[in-house]
Amino acid sequence: MQTLVIPQTNETPEIVLDGSEGTFSFAGKSFPENVNDFYNDTLKYLEAYVLQPRDVTTLEFSWLYFNTATSKMIVRIIMLLKTVNKSGKSLRIKWFCSPDDDLIIEKGNEFAELLGADFSIHYL
Amino acid sequence: MKELIDKVKDNKICLSYLGLFNDDITTRLIAISEYYLENKTDLGKLKNKVSLLIAECFQNIIRHSGMKDQQGTLTENPDFFQLSILEDRVVLSSCNLIQNEHIDALNEKMMLVNSLSSEELKQLYQEVLTNGSFSEKGGASLGLIEMARKSGLPIKYAFQESSGTQSRFFLSLEVSTSKERISAGLDILYHVNFYLDLRDHKVIMLYKGDLSKDIIVSLINMLQNNFIDDRKPSSKEKRFMVSLIEVLQNISKHGKTIRGSKEGMFCISMLKGDYIIDSGNYIEEAKREALESTLTEIRSMSDEDIGRLYKERLLDNVITEDGNCGLGLLEIAKNSGNNFRYAINQTPEKEWFYSIKIKI
């Protein structure tokens with residue numbers, strides 16, 4: 001799969017989708033006016049990826065902050081990539097944040113608790 | 001917020017901003033002004049003039065802002081800029097500190113440019129431009145002459161001493177569709193007093209006017225510039241930004257459009273280390289009951305219940321076509337420790353007005 005890079009803007013994150021390596025990263029801020037429009041290409045890419053996933057899929061998040069609609073989109077992305085588990089492949093989620101950033105740590109803990117994936121918080 | 005908003009109630013748009021000034025904020029403000037003048041008023045032909053004047057005002061403020069950091073007076077005397085769009089004209093006001101020793105020279109320059117006709121201003125402009133230095137007539141910088149030329153109306157100004165060595169310099173420019181060189185606007189003392197009111201209320205930004213999508217994006221970016229960019233924001237600053245984004249995006253999506261405009265207002269202030277977001281907008285009558293019952297329910301919930309409901313909603317996978325997800329008020333409740341107040345009242349015009357005040 002060809003790598004898809006969506007550059008960062010003032011309202012949206014940098015997204016790097018590397019299907020050939022099975023690594024997907026999101027970094028920065030996310031509060032687009034309409035999350036459906038902004039994340040549409042990303043979801044389509046990941047839907048194609050999960051049909052033939054790598055043995056290990058790595059999902060990395062380094063958020064500055066994001067709006068609530070993005071929270072639901074993160075859930076959607078994680079749920080979609082979790083389907084690789086059905087074919088015996090694994091998904092690892094890495095959540096990067098500063099140790100004193102209680103907002104982003106709290107968000108990470110919520111996703112970890114709710115989604116029950118291989119989810120680890122990494123302090124920078 | 002109400003007493004401040006009442007003072008600008010005749011403005012179609014009023015944006016007051018106190019804080020850090022840089023080129024990116026200039027760009028955002030020009031974007032707001034151009035979008036509004038072009039799309040929502042009959043003043044579209046003033047667009048370029050106003051943009052140029054905003055840029056000149058900002059250059060003036062940015063040029064002087066360095067000395068404040070050294071003297072630690074930023075919070076007592078924040079730099080100030082205000083854009084007011086009225087029915088027939090645009091008013092730009094600013095305030096920045098200057099050294100007292102520069103007052104006499106600046107006063108002379110101001111009196112000179114205000115005394116000249118447009119033809120004389122043009123001549124002076126060309127003279128300064130070609131000579132590359134100040135004119136014999138007393139010397140006025142290009143920026144000042146340009147402000148007077150583009151405005152076409154006398155520049156209002158005032159000095160107010162803030163310490164033994166520094167004074168606040170207030171400037172107010174008007175651009176009107178009228179050809180007459182008579183200022184119709186408010187006295188400079190009005191701007192001085194409004195600035196002092198905002199400063200005393202610890203206001204960072206006050207906005208009244210259209211809150212449609214394009215304007216909101218520019219406003220959020222202005223605030224990000226003030227709080228977030230170029231340094232690592234604290235968790236509290238992030239909670240504030242996230243809550244503000246939820247409030248503004250909520251207005252943009254659910255606010256009632258009246259006469260082609262999503263009329264609304266908000267005020268951001270900082271009191272004793274806490275951020276206060278105060279916002280208000282019109283809502284459709286059909287949405288009133290549902291909104292009121294959601295607000296009452298959340299307000300009566302414990303932190304644990306809010307957390308539980310938040311997680312439930314997070315997993316419901318509902319995102320509407322326009323990107324709405326039903327989590328905004330819960331996010332605000334979480335970020336504020338459920339410390340918010342709200343009201344939904346009917347106005348004399350029989351419209352429903354929703355206001356919320358959040359402390360973070």
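**Helix packing and chain contact in a predicted model**

Q: Which residues of H10(B) meet residues of H12(B)?
A: This is a predicted model, in which local features need pLDDT of at least 70, side-chain atom pairs count only at pLDDT 80 or more, and totals for chains, interfaces and linings use all residues. Residues are numbered from 1 along each chain as its sequence is written, and chains are lettered from A and ligands numbered from 1 in the order in which they are written. On the side of H12(B), the residues met are B:Leu329, B:Leu330 and B:Ala333 (two residues are in contact if their C-beta atoms, placed from the backbone, lie within 7 Å). Their partners in H10(B) are B:Thr294, B:Leu295 and B:Ile298.

Q: Are H10(B) and H12(B) roughly parallel or roughly antiparallel?
A: The axes of H10 (residues 285-299) and H12 (residues 328-335) of chain B come within 11 Å and cross at roughly 30 degrees. Angles under 35 degrees count as roughly parallel and over 145 as roughly antiparallel, 65 to 115 as roughly perpendicular and the rest as oblique. The crossing angle therefore makes H10(B) and H12(B) roughly parallel.

Q: Which helix supplies the largest share of the side of chain B that touches chain A?
A: In the contact between the chains, 24 residues of chain B meet 21 residues of chain A. Helices H8 (213-227), H9 (235-254), H11 (303-314) and H12 of chain B each supply at least two residues of that side of chain B. The largest share, eight residues, comes from H9(B).

Technical notes: Axes fitted to C-alpha atoms, helices over the stretch in contact; angles between N-to-C directions. Helix = DSSP H or I, 4+ residues; strand = E, 2+ residues; numbered from the N terminus.
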